[in-house]
Amino acid sequence: MTERLEDIAVAMVASGKGILAADESSGTIKKRFDSINVTSTEDTRRDYREMLFRADDAMKNHISGVILYDETLRQKAKDGTPLVDIMRNAGSIPGIKVDMGAKPLAGFEGETITEGLDGLRERLTEYYALGARFAKWRAVISISSALPTYGAIKQNAQALARYAALCQEAGIVPIVEPEILMDGVPGDHSIDRNYEVTDAVLKSVFNELYDARVKLEGMILKPNMVIDGKNARKASVAEIAEKTVRCLKANVPSAVPGIAFLSGGQSDVEATANLNAMNAGFDMPWNLTFSYGRALQAAALKAWSGKAENVAAGQKAFAHRARMNGLAAEGKWSEALENAG
Ligand code: 5MM
């Protein structure tokens, strides 16, 4: 029996759980491995991801789903078990990144358009057969005093909406990710400039989703938090939480079951503290959780450093971050718990 989109979406944002973004494309995972002096090969990528997916406690209790890259969805663990089965056995839903990356947008200097719509219907059918029940598409929005332009916002929102409609047709829940870069160039924008841009982008995205007849009950939004640029960090946790929740309430219909943030270059603890402040301080119509890549993986990657003897240490670091973010998703995190290890 085909599962209902609404039920999958609700499971993805179940209380105390969130999503692990492990969908680094080959170029991005190479960068991550370079930072720990590990060569990126099919085997090292498998070893690293197998370590995460076999962290049973984290996967069972705090990770509702994992966003995978095409290679990982098809990959087997060292003992021959499909990686997808390992996560399914832990009760975690496999997901797949289906965009083909952000490319320069013709006629719009400094802005990008995410590609991957051609042939997407066929790819989604295959991904469904391989076990994926949700997908992700990331639009990248540059921010400065002059950017983004109306044209770039609109074209990215349209692509997100076309992607989302195709996913739902295939029985796959779309994660709709419009990311306003926090760590882009120049990165000196204020939190209020970020509010203005996030507000405009979300308005455009929900208009396009409506026009494309996307069922809001069967999707998840993955936005950035409303935060100042990486070279202008001044805003407090309380200010980030208040402005982010205000912006989301102004734009995201309550029919959307859940919102799962990206971390966008925030430090591990910042990303946790900000999510916690929103859940602890505000009543909201949707479940608010995490879909972190770097903020869930950085400590585990470092602890592992490519060595088999460090797998337990890598899993421990991952389990701690997953637990801290699980608590933040319920507004129950504290610095004391963070430091208790
Ligand atoms: C894991 O990184 C994803 C993108 O990878 P590519 O740039 O290689 O396509 C990215 O979409 C990620 O899922 C989200 O941005 C969330 O990750 P962060 O690190 O921002 O939490």
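**Exercise 1. Overall build**

Of the 341 residues of the protein chain, what percentage count as buried? Work out the general build of the chain as well.

*Solution.* A word on the material first: this is a predicted model, in which local features need pLDDT of at least 70, side-chain atom pairs count only at pLDDT 80 or more, and totals for chains, interfaces and linings use all residues. Residues are numbered from 1 along each chain as its sequence is written, and side-chain values use heavy atoms, with hydrogens and water left out.

Step 1. Buried means under 20% relative accessible area, exposed over 50% and partly exposed in between, with a 1.4 Å probe and protein chains only. By that rule, 58% of the 341 residues are buried.

Step 2. The radius of gyration is taken over C-alpha atoms, and the globule rule is 2.2 Å times the number of residues to the power 0.38. A compact globule with 341 residues would come near 20 Å, and the protein chain agrees with this at 19 Å. Its C-alpha trace spans about 50 × 45 × 35 Å along the principal axes.

Step 3. Helices (H or I, at least four residues) and strands (E, at least two) are DSSP runs, numbered from the N terminus. The protein chain has 14 helices and 10 strands.

**Exercise 2. The nonpolar core**

Find which residues touch the most other members of the largest nonpolar core.

*Solution.* Step 1. Such a core is a set of buried Ala, Val, Leu, Ile, Met, Phe, Trp, Tyr and Cys residues joined through side-chain atoms within 4.5 Å. The largest one has 109 residues, and F53, Y163 and F318 touch the most other members. Helix 8 (residues 150-169) gives the largest share of this core, nine residues.

Step 2. Now zoom in on F53. Contact means heavy atoms within 4.5 Å. Leaving out residues up to four places away in sequence, F53 touches L20, A22, M59, V66, L68, T72, L83, I86 and M87.

**Exercise 3. Strand 7 and its surroundings**

Explain why strand 7 (residues 173-180) is described as largely enclosed by the rest of the structure.

*Solution.* Step 1. Count the buried residues: eight of the eight in strand 7 are buried, so the strand is largely enclosed.

Step 2. Look at the faces. In a regular strand, side chains alternate between the two faces of the sheet. In strand 7, V173, I175, E177 and E179 lie on one side and P174, V176, P178 and I180 on the other, all of them buried.

Step 3. Find the partners. Two strands pair if DSSP finds at least two bridges between them. Strand 6 (residues 134-141) pairs with strand 7 in the parallel sense over eight bridges, and A139 has P178 as its bridge partner. Between these strands the chain passes through helix 8, a right-handed β-α-β crossover; right-handed means that, with the strands pointing away from the viewer, the path from the first strand over the helix to the second runs clockwise.

Step 4. Turn to the next neighbour. Strand 8 (residues 220-221) runs parallel to strand 7 and is joined to it by two bridges, with V176 opposite L221. Here the crossover goes through helix 9 (residues 191-211) and is again right-handed.

**Exercise 4. A serine in helix 9**

Is S204 buried or exposed?

*Solution.* Step 1. S204 lies in helix 9. Its relative accessible area is 14%, so S204 counts as buried.

Step 2. Beyond its neighbours within four places in sequence, S204 is in contact with I153, K154 and A157.
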